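Student: Could we go through this structure together, beginning with the overall fold and then turning to particular residues?
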Amino acid sequence: MAGTTDPGHVDVVGMWVTADGHIRQELLPDGRYDEARGERRSAYTGRYTVTDSHLDYIDDTGFTATGDIRDGVLYHEHLVLYREQQSP
């Protein structure tokens, strides 16, 4: 299930960033993602699915990865990403 707010699934849609801001991963509502690294926009793009608090990624080249949301933090392979807060 792509970025969902259904009961039993974590809402993952939005921008997730590393503490240093170097990696920015946008999870889109249509199940696509776009990841920037430093000044390199769209360094990785692909799709993702959500099952409960677990994410499965497949990028546009076929590479796969996983992630899990725990206590509002996205653990994506070796990365730790935090949800970017929107300005009021």
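Tutor: The conversation below covers the fold, the core, the largest pocket and two individual residues; please note that the model is predicted.

Student: How many helices and strands are there in the protein?
Tutor: The protein has zero helices and eight strands. Along the sequence, the pattern reads β-β-β-β-β-β-β-β.

Student: And what share of the residues is buried?
Tutor: Of the 88 residues in the protein, 33% are buried. As for contacts between residues at least 6 apart in sequence, 35% of them join residues at least 24 apart.

Student: Which residues of the largest nonpolar core touch the most other members?
Tutor: That core holds 14 residues, and those touching the most other members are Val12, Leu27, Tyr48, Leu55, Tyr57 and Leu74. At least two residues of this core come from each of E2, strand E4 (40–51), E5, E6 and strand E8 (79–83).

Student: Changing topic: what is the volume of the largest pocket?
Tutor: Its volume is about 220 Å³.

Student: Which residues lie nearest its centre?
Tutor: Glu35, Arg37, Phe63, Ala65 and His76 do, out of 14 lining residues. By class, the lining comprises six nonpolar, four polar and four charged residues.

Student: Which strands supply that lining?
Tutor: Strand E3 (32–37), strand E5 (54–59) and strand E6 (64–70) each supply at least two residues. E3 gives the most, with three residues.

Student: Staying with E3, is Asp34 buried or exposed?
Tutor: Neither term applies. Asp34, which lies in strand E3, counts as partly exposed because its relative accessibility is 27%, and the partly exposed range runs between 20% and 50%.

Student: What does its side chain make a polar contact with?
Tutor: The side chain of Asp34 makes a polar contact with the side chain of Ser42, at 2.9 Å. Beyond its neighbours within four places in sequence, Asp34 is also in contact with residues including Arg24, Gln25, Glu26 and Tyr44. Thr45 is eleven residues from Asp34 in sequence, yet their C-alpha atoms are 4.6 Å apart in space.

Student: Now Thr18: where does it lie?
Tutor: Thr18 is in the loop between strand E1 (14–17) and strand E2 (23–27).

Student: Why does Thr18 count as buried?
Tutor: Its relative accessibility is 10%, and buried means under 20%.

Student: Which residues does it touch?
Tutor: Setting aside residues up to four places away in sequence, Thr18 touches Ile23, Val80, Leu81 and Tyr82. In addition, the side chain of Thr18 reaches the backbone nitrogen of His22 at 3.3 Å.

Definitions and conventions:
Residues numbered from 1 in each chain as written. Predicted model: local features only at pLDDT ≥ 70, side-chain atom pairs only at ≥ 80, totals over all residues. Heavy atoms only, no water. Helix = DSSP H or I, 4+ residues; strand = E, 2+ residues; numbered from the N terminus. Buried < 20%, exposed > 50% of the residue type's maximum accessible area, 1.4 Å probe, protein only. Polar contact = N/O pair within 3.5 Å; in protein donor to acceptor, adjacent residues only side chain to side chain. Contact = heavy atoms within 4.5 Å. 1 Å grid on protein atoms, 1.4 Å probe; cavity = no way out; pocket = protein on both sides within 12 Å on 5 of 7 lines; lining within 4 Å. Points joined across faces, edges and corners; volume = space filled by probe spheres on them. Nonpolar A, V, L, I, M, F, W, Y, C, P; charged D, E, K, R; others polar. Core = buried A, V, L, I, M, F, W, Y, C linked by side-chain atoms within 4.5 Å.
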